[in-house]
Amino acid sequence: KIEFPQPDRRQKRMVFQAATSRMNLSDELDLEDYVNRSEKVSCADVASICAEAGLQAVRENRYVVLPKDFDKAYKRAVSNREKELLFYSI
């Protein structure tokens with residue numbers, strides 16, 4: 001059995017930096033806000049949050065990722081984790 005523990009703040013920061021390294025981020029965006037949030041998210045969730053935020057900006061025909069894009073993506077990722085899947089509840 002292989003387990004991957006939840007990342008600590010340093011690991012989350014590194015994943016956010018790696019996932020956003022080639023993105024055009026707004027000057028208003030502070031990734032530390034997302035690193036310090038209390039919700040338990042995995043590294044895969046962090047990567048999907050960054051990808052979804054980039055897609056939100058593209059959908060709105062922007063070349064810069066804004067904080068509102070990260071907020072939408074973060075809410076979507078956290079709500080998906082809290083949603084109970086029916087096929088596991090049997």
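**A walk through the helices and their contacts**

Leaving out residues up to four places away in sequence, E52 touches R59, A73 and R76. E52 sits in helix α3. This structure is a predicted model, and every value below is computed from that model. With a relative accessible area of 15%, E52 is buried, because the cut-off for that word is under 20%. Two of the residues that E52 touches also meet E52 through charged or polar atoms. A polar contact of 2.8 Å joins the side chains of E52 and R76. R59 forms a salt bridge with E52, and their closest N and O atoms are 3.1 Å apart. The two partners of this salt bridge differ in exposure: R59 counts as exposed at 53% relative accessibility, whereas E52 counts as buried at 15%.

The background to such pairs is simple. Side chains of opposite charge can pair when their charged atoms come close. How many salt bridges does a search of the whole structure find? The search finds nine. One of them is between the side chains of R37 and D71, at 3.4 Å from N to O. This pair links distant parts of the chain, since R37 is in the loop between α2 and α3, D71 is in helix α4, and 34 residues separate them. R37 counts as partly exposed, at 28% relative accessibility. D71 counts as partly exposed too, also at 28%.

Another salt bridge joins the side chains of D69 and R62, at 2.8 Å from N to O. D69 is buried, with a relative accessible area of 0%. Salt bridges that share partners join E60, R62, K68, D69 and K72 into one network.

The loop between α3 and α4 holds N61. N61 is exposed, with a relative accessible area of 70%. Its backbone deserves a look: N61 has a positive phi of about 55°, although N61 is not a glycine. Most residues other than glycine have a negative phi.

The next topic is the nonpolar interior. The largest nonpolar core has 18 residues, and of these F16, L31, Y34, I49, F70 and Y74 touch the most other members. Which helices supply this core with at least two residues each? They are α1, α2 (31-35), α3 (43-59) and α4 (67-82).

Helix α1 covers residues 9-19, and its buried residues are K12, V15 and F16. Because these buried residues cover an arc of only 100° around the axis, they lie on the same side of α1. The spacing has a general background. An α-helix has 3.6 residues a turn, so residues three or four places apart point the same way. F16 is one of the core residues that touch the most other members, and F16 is also one of the residues in contact with L31. Leaving aside neighbours within four places in sequence, the contacts of L31 are F16, T20, L25 and F70.

In helix α3, the core residue to look at is I49. I49 counts as buried, at 0% relative accessibility. Apart from its neighbours within four places in sequence, I49 is in contact with F70, A73, Y74 and A77. I49 and K75 are 26 residues apart in sequence, while their C-alpha atoms are 9.0 Å apart in space. A similar comparison can be made for D30, which is found in the loop between α1 and α2. The C-alpha atoms of D30 and L66 are separated by 9.9 Å, although these residues are 36 apart along the chain. D30 counts as partly exposed, at 37% relative accessibility.

The last topic is the aromatic rings. A pair of aromatic rings is described by the distance of the centres and the angle of the planes. A search of the whole structure finds three aromatic pairs. In one of them, the rings of Y34 and F70 have their centres 5.4 Å apart and their planes at 40°, so the pair is tilted. This pair links distant parts of the chain: Y34 is in helix α2 and F70 is in helix α4, 36 residues apart. Both Y34 and F70 are buried. Y34 and Y74 also form a tilted aromatic pair, with 6.0 Å from centre to centre and 45° between the planes. Here Y34 in helix α2 is linked to Y74 in helix α4, 40 residues apart. Y34 and Y74 are both buried. Together, F16, Y34, F70 and Y74 form one aromatic cluster.

Definitions and conventions
Residues are numbered from 1 along each chain as its sequence is written. This is a predicted model: local features need pLDDT of at least 70, side-chain atom pairs count only at pLDDT 80 or more; totals for chains, interfaces and linings use all residues. Side-chain values use heavy atoms; hydrogens and water are left out. Buried means under 20% relative accessible area, exposed over 50%, partly exposed in between (1.4 Å probe, protein chains only). Helices (H or I, at least four residues) and strands (E, at least two) are DSSP runs, numbered from the N terminus. The arc is that of the directions from the helix axis to the C-beta atoms. A nonpolar core is a set of buried Ala, Val, Leu, Ile, Met, Phe, Trp, Tyr and Cys residues joined through side-chain atoms within 4.5 Å. Contact means heavy atoms within 4.5 Å. A polar contact is a pair of N or O atoms within 3.5 Å; within protein, one must be able to donate a hydrogen and the other to accept it, and residues adjacent in sequence count only if both atoms are side-chain atoms. A salt bridge is a side-chain nitrogen of Lys or Arg within 4 Å of a carboxyl oxygen of Asp or Glu. Rings of Phe, Tyr and Trp (its six-membered ring) pair if their centres lie within 6.5 Å; planes under 30 degrees apart count as stacked, over 60 as edge-to-face and the rest as tilted.
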